[in-house]
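Me: I would like a close look at a single part of this model, the packing of its helices. Please keep the description geometric.

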Amino acid sequence: MTKKHLTTREDIERFTACWRRLLGLTQWDIVTSFHKELDDGRTMDMQWIRGYLSAGLRVSEDALRLRPSRAEKSVIHELLHLVFAPVDDRMELIVGHGTVMLEFRQEMERALDGLSVRLQEGGYV
Ligand SMILES: [Zn+2]
């Protein structure tokens, strides 16, 4: 597959489908939706339902204006959330919604940022 800039919704959907396969997430039902803007100035976020293989990737219009490598990293980061969704879900069941969960999620964000950069730089697409 040739490297493409992610400047259209179709580009984002194609890139997401490719990395969904690469990350072994084919059993997940992932719906991508596009929005004028997201909370807190985010460009993308992933939401899933605990216990189901059903998720939603929300993408803001700003995502289409990101540098290609940044947009790719963001898609990979959001998909990695699903790889670790069982860990996140189990942790939440054990510790609840307090400070421990908040700190766990902050560390998870950092870990996924690092992983997504490495995978994006690996240039598998
Ligand atoms: Zn994240």
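How are α1 and α2 oriented to each other, and why is that the right description?

Reply: The model is predicted. Helix α1 covers residues 9-22 and helix α2 covers residues 68-83. Their axes come within 10 Å and cross at roughly 45°. Angles under 35 degrees would count as roughly parallel, and 65 to 115 as roughly perpendicular; α1 and α2 are therefore oblique to each other. The handedness of the crossing is right-handed.

On the α1 side, the contact is made by Ile12, Phe15, Thr16, Trp19 and Arg20. The residues that α2 contributes are Glu72, Val75, Ile76 and Leu79. Sorted by class, this contact of α1 with α2 has 6 nonpolar residues, 1 polar residue and 2 charged residues.

The surroundings of α2 include a sheet. In this open sheet, 3 strands follow the order β1-β3-β2, with mixed pairing. Its edge strands, β1 (29-35) and β2 (44-48), each pair on one side only. On average, and with direction ignored, neighbouring strands here are turned by 20° against each other. Strand β3 spans residues 54-60 and runs antiparallel to β2, to which 5 bridges join it. Within β3, alanine 55 has tryptophan 48 standing opposite. Helix α2 packs on this sheet and touches β2 and β3. The direction of α2 makes about 15° with that of β2.

To put the part together: α2 has a contact with α1 and also packs on the sheet.

Notes:
Residues are numbered from 1 along each chain as its sequence is written. This is a predicted model: local features need pLDDT of at least 70, side-chain atom pairs count only at pLDDT 80 or more; totals for chains, interfaces and linings use all residues. Axes are lines fitted to C-alpha atoms, for helices over the stretch in contact, and angles run from 0 to 180 degrees between N-to-C directions. Helices (H or I, at least four residues) and strands (E, at least two) are DSSP runs, numbered from the N terminus. Angles under 35 degrees count as roughly parallel, over 145 as roughly antiparallel, 65 to 115 as roughly perpendicular and the rest as oblique. A crossing is left-handed if the near helix is turned anticlockwise from the far one by less than a right angle, and right-handed if clockwise. Two residues are in contact if their C-beta atoms, placed from the backbone, lie within 7 Å. Ala, Val, Leu, Ile, Met, Phe, Trp, Tyr, Cys and Pro count as nonpolar, Asp, Glu, Lys and Arg as charged, and the others, Gly among them, as polar. Two strands pair if DSSP finds at least two bridges between them.
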